[in-house]
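Reader: I am new to this structure. I would like to know what the words for its empty spaces rest on. Please take me through them.

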Amino acid sequence: MSDAGRSDPYPMTGADSPFDLTGRVALVTGSSRGIGRSLAEGLGGAGAIVVLNGRDEVSLVRARDELVDAGVTVHVAAFDVTRPEAVTEAVAGIEADVGPIDVLLNNAGIQRRAPLLDVDLDAFREVLDANLTSAFLVGQAVARHMADRGRGRIVNVCSVLTSLARPGTAPYAVSKGGLAQLTRAMCAELGPLGIGVNAIAPGYIVTEMTAPLVDDPEFSAWITNRTPAGRWGRVDELQGATVFLASDAAGFVNGQVLYVDGGMTAVL
Ligand code: NAP
């Protein structure tokens, strides 16, 4: 039996580190602002060549300029992750113009808060399309290329509402629960092809999506009381877990949902 251990030191930084992403191409959907923009910056900081995505070109160009100023190599690909033809075309374009996609972050998402009895079917479908079907579409398009190469890492962005629910969040909670199952289903079929598929599940993070909740003193007080960390999370606090899951350091981690939530889902 061969020795499975490492006798040499395990470098945590530098080109020999398993966390290093130098030269890897990373597509981050929904990265013109908020969590996606921060995760793109984190991957870029670990050395990745980042491709930003969103629908609004003006916000994308602004995010690109900010990341370039931060020293990241950045490309942009404006497309709607819910449109199958646009996804296929964009992924082929990135592969041809930027390079083989090594890392995919399925981060794009929306929230439509409303009481269950008032949610109409269009809103329900809109959330499922943006949060779940999008990850299937982009994941499938990218994984087809990764499968040919026998390598790749995919990280889906779930939520504490992957495993819990709150009033007013039915479509969102369904979409994020489905995304965890998509993560496992992708792992089952893509793992044997050399592709790692995992998810992060952020707690409550201050972004444009949560701005109405941050501004609501009653809700904010509930967050600080409900979260062992005693506060809202920041977008940069998701970078470490994401770089880990996107890197060779997570080479034997597959099909997992990693909660980055200040402890919220660990306690009642
Ligand atoms: P955000 O600030 O609203 O940003 C959403 C991003 O997704 C934007 O770049 C937006 O750009 C893009 N996007 C939305 N629909 C798209 C589409 N159809 N095609 C392409 N891009 C699209 O939201 P966030 O708070 O950063 O959330 C990002 C992800 O984290 C979401 O999946 C969300 O569910 C998840 N999450 C957030 C929290 C939180 O507390 N904030 C917690 C857990 C999980 P355009 O509008 O220009 O397309």
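Author: Start with the largest pocket. Its volume is about 1,000 Å³. Keep in mind that this is a predicted model.

Reader: What makes a residue part of the lining of the largest pocket?

Author: A lining residue has an atom within 4 Å of a grid point of the pocket. The largest pocket has 46 such residues. Ala108, Gly109, Ile110, Gln111 and Met209 lie nearest its centre.

Reader: Which helices and strands supply at least two residues each to that lining?

Author: Helices H1, H4, H5 and H6 (211-214) do, and so does strand S2. By class, the lining has 19 nonpolar, 16 polar and 11 charged residues.

Reader: Where is the ligand, and how do you know that it sits there?

Author: The ligand takes up the space of the largest pocket. A molecule sits in a pocket if more than half of its atoms lie within 2 Å of the pocket's grid points. The ligand is placed in the largest pocket by that rule.

Reader: Which residues around the ligand come nearest?

Author: There are 31 residues around the ligand. Ser32, Arg55, Asn107, Tyr172 and Thr207 come nearest. Helix H1 (34-45), strand S2 (49-54) and helix H5 (170-190) each supply at least two residues of this shell. The shell divides into 12 nonpolar, 13 polar and 6 charged residues.

Reader: Why do Tyr172 and an oxygen atom of the ligand count as a polar contact?

Author: The cut-off for a pair of N or O atoms is 3.5 Å. An N or O atom in the side chain of Tyr172 is 2.5 Å from an oxygen atom of the ligand. That pair is within the cut-off, so it is a polar contact.

Reader: What about the backbone of Asn107 and of Asp56?

Author: A polar backbone atom of Asn107 is 2.7 Å from a ligand oxygen. For Asp56, a backbone N or O atom lies 3.1 Å from a ligand oxygen. Both distances are within 3.5 Å, so both pairs are polar contacts.

Reader: Is the ligand mostly buried or exposed?

Author: Buried. Taken alone, the ligand exposes 880 Å², and the protein buries 95% of that.

Reader: What is the volume of the second largest pocket, and which helices supply at least two residues each to its lining?

Author: Its volume is about 210 Å³. Helices H4 and H5 each supply at least two residues. H4 gives the most, with 6. The lining includes Phe136, Arg144, Leu182 and Glu189. By class, it has 8 nonpolar, 2 polar and 2 charged residues.

Reader: Why is another space called a cavity and not a pocket?

Author: In a cavity a 1.4 Å probe fits but cannot get out, whereas a pocket is open. The whole structure has 1 cavity of 30 Å³ or more. About 30 Å³ of space lies in the largest cavity.

Reader: What lines the largest cavity?

Author: Thr29, Val81, Asn106, Asn107, Ala108, Asn131, Ser134, Ala135 and Val138 do. Helix H4 (residues 121-149) gives the most, with 4 residues.

Reader: How many residues of that lining are charged?

Author: None. The lining divides into 4 nonpolar and 5 polar residues, with no charged ones. Only Asp, Glu, Lys and Arg count as charged.

How values were computed. Residues numbered from 1 in each chain as written. Predicted model: local features only at pLDDT ≥ 70, side-chain atom pairs only at ≥ 80, totals over all residues. Heavy atoms only, no water. 1 Å grid on protein atoms, 1.4 Å probe; cavity = no way out; pocket = protein on both sides within 12 Å on 5 of 7 lines; lining within 4 Å. Points joined across faces, edges and corners; volume = space filled by probe spheres on them. Near = heavy atom within 4 Å. Polar contact = N/O pair within 3.5 Å; in protein donor to acceptor, adjacent residues only side chain to side chain. Areas by Shrake-Rupley, 256 points an atom, 1.4 Å probe, with all protein chains shown as cover.
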